[in-house]
Amino acid sequence: MQEQHLYEYAIIRVVPRVEREEFINVGVVICHWKRDFLGCKINLDTAKLLALDPAADVEMIQLNLASFEKICAGASNGGNIATMDLASRFRWLTAVRSSIIQTSRPHAGHADDLEQTLERLFDENVG
C-alpha cells in the first residue's frame with residue numbers, strides 16, 4: 001500500500017458579479033508541500049456563466065483563468081508570482097479576495113495518488 005499524503009485543496013470559482021456573490025465552480029487547485037506538488041484543473045462552463053450574468057466578459061475571464069494556471073504551474077510567462085516557491089504560490093492563489101476569480105477556503109485531505117485525487121475532486125465539485 002502506498003503512503004498517504006496530507007494535501008490541501010481549494011475550489012476555484014468564477015463570480016461574474018461580485019456584488020451579488022453568486023458563483024460557479026470552475027476548477028480545483030491542490031497542493032502537497034513535501035512532494036513539491038501544486039496542480040490545478042479548470043474548465044469554464046460558459047453556459048452556466050452566462051446564465052448568472054448574460055453580460056459576462058467570457059474572454060477576459062478565460063484569460064484570468066489561464067493566468068491562474070500559469071501561476072500554479074510556475075510558468076516562466078506567469079509573472080512574478082509564478083516565480084515564488086510552491087507554498088507561496090498556493091497561498092497567493094487561495095487568498096481571500098473580492099474579484100471575479102476566487103477560491104474556497106483551503107481544505108485538507110489524505111491521498112496516496114495526488115493526480116487521481118485532483119481528478120476526483122474536480123469531478124465531485126465541478127464536473
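Welcome to a short tour that starts at helix 3 (86-93), where the buried residues are Leu-86, Arg-89, Phe-90 and Leu-93. Buried here means under 20% relative accessible area, exposed means over 50%, and partly exposed covers the range in between (1.4 Å probe, protein chains only). Seen down the helix axis, these buried residues fall within an arc of 100 degrees, so they line one face of helix 3; the arc is that of the directions from the helix axis to the C-beta atoms. The model is a predicted one, in which local features need pLDDT of at least 70 and side-chain atom pairs count only at pLDDT 80 or more, while totals for chains, interfaces and linings use all residues. Residues are numbered from 1 along each chain as its sequence is written, and side-chain values use heavy atoms, with hydrogens and water left out.

**Helix 3 and its surroundings**

- The buried residues of helix 3 pack against strand 1, strand 2, strand 3, helix 2 and strand 4, where contact means heavy atoms within 4.5 Å.
- Helices (H or I, at least four residues) and strands (E, at least two) are DSSP runs, numbered from the N terminus.
- At the N-terminal end of helix 3 the cap is Asp-85, with a side-chain oxygen 3.1 Å from the backbone nitrogen of Ala-87.
- Such a polar contact is a pair of N or O atoms within 3.5 Å; within protein, one must be able to donate a hydrogen and the other to accept it, and residues adjacent in sequence count only if both atoms are side-chain atoms.

**Nonpolar cores**

- The largest nonpolar core has 22 residues, and Val-14, Val-29, Leu-44 and Leu-65 touch the most other members.
- At least two residues of this core come from each of strand 1 (5-14), strand 2 (24-32), strand 3 (37-42), helix 2 (58-73) and helix 3 (86-93).
- Helix 2 gives the largest share of this core, 6 residues.
- A second, separate core of 12 residues includes Tyr-7, Tyr-9, Ala-111 and Leu-118.
- A nonpolar core is a set of buried Ala, Val, Leu, Ile, Met, Phe, Trp, Tyr and Cys residues joined through side-chain atoms within 4.5 Å.
- Leaving aside neighbours within four places in sequence, Leu-44 is in contact with Val-14, Ile-24, Val-26, Leu-49, Val-58, Ile-61, Gln-62 and Leu-65.

**Strand 1 and its partners**

- In strand 1, 8 of the 10 residues are buried, so this strand is largely enclosed by the rest of the structure.
- Strand 1 pairs with strand 2 in the antiparallel sense over 7 bridges, and Tyr-9 stands opposite Ile-30 in strand 2.
- With strand 5, strand 1 pairs in the antiparallel sense over 5 bridges; here His-5 has Ala-111 as its bridge partner.
- Strand 4 (residues 101-103) also pairs with strand 1 in the antiparallel sense, over 3 bridges, and Ile-12 is matched there with its bridge partner Thr-103.
- Two strands pair if DSSP finds at least two bridges between them.
- Thr-103 counts as buried at 13% relative accessibility.
- Not counting residues up to four places away in sequence, Thr-103 touches Ala-10, Ile-11, Ile-12, Arg-13, Phe-68, Leu-93 and Thr-94.

**Helix 4**

- Helix 4 has 12 residues and reaches 16 Å from its first C-alpha to its last, close to the 16 Å expected at 1.5 Å a residue; the expected span is 1.5 Å times one less than the number of residues.
- Its buried residues are Leu-114, Thr-117, Leu-118, Leu-121 and Phe-122.
- Those buried residues fall within an arc of 135 degrees seen down the axis of helix 4, so they line one face.
- They pack against strand 1, strand 2, strand 3 and strand 5 (107-111).
- Turned away from the buried side of helix 4 is a face that carries the exposed residues Gln-116 and Glu-124.
- Asp-113 caps the N-terminal end of helix 4, where one of its side-chain oxygens lies 3.1 Å from the backbone nitrogen of Glu-115.
- Glu-115 itself sits in helix 4 (residues 114-125) and counts as partly exposed at 48% relative accessibility.

**Positive phi in two loops**

- Most residues other than glycine have a negative phi.
- Glu-21 has a positive phi of about 60 degrees although it is not a glycine; Glu-21 lies in the loop between strand 1 and strand 2 and is exposed, with a relative accessible area of 64%.
- Asp-36, also not a glycine, has a positive phi near 55 degrees; Asp-36 lies in the loop between strand 2 and strand 3 and is exposed, with a relative accessible area of 59%.
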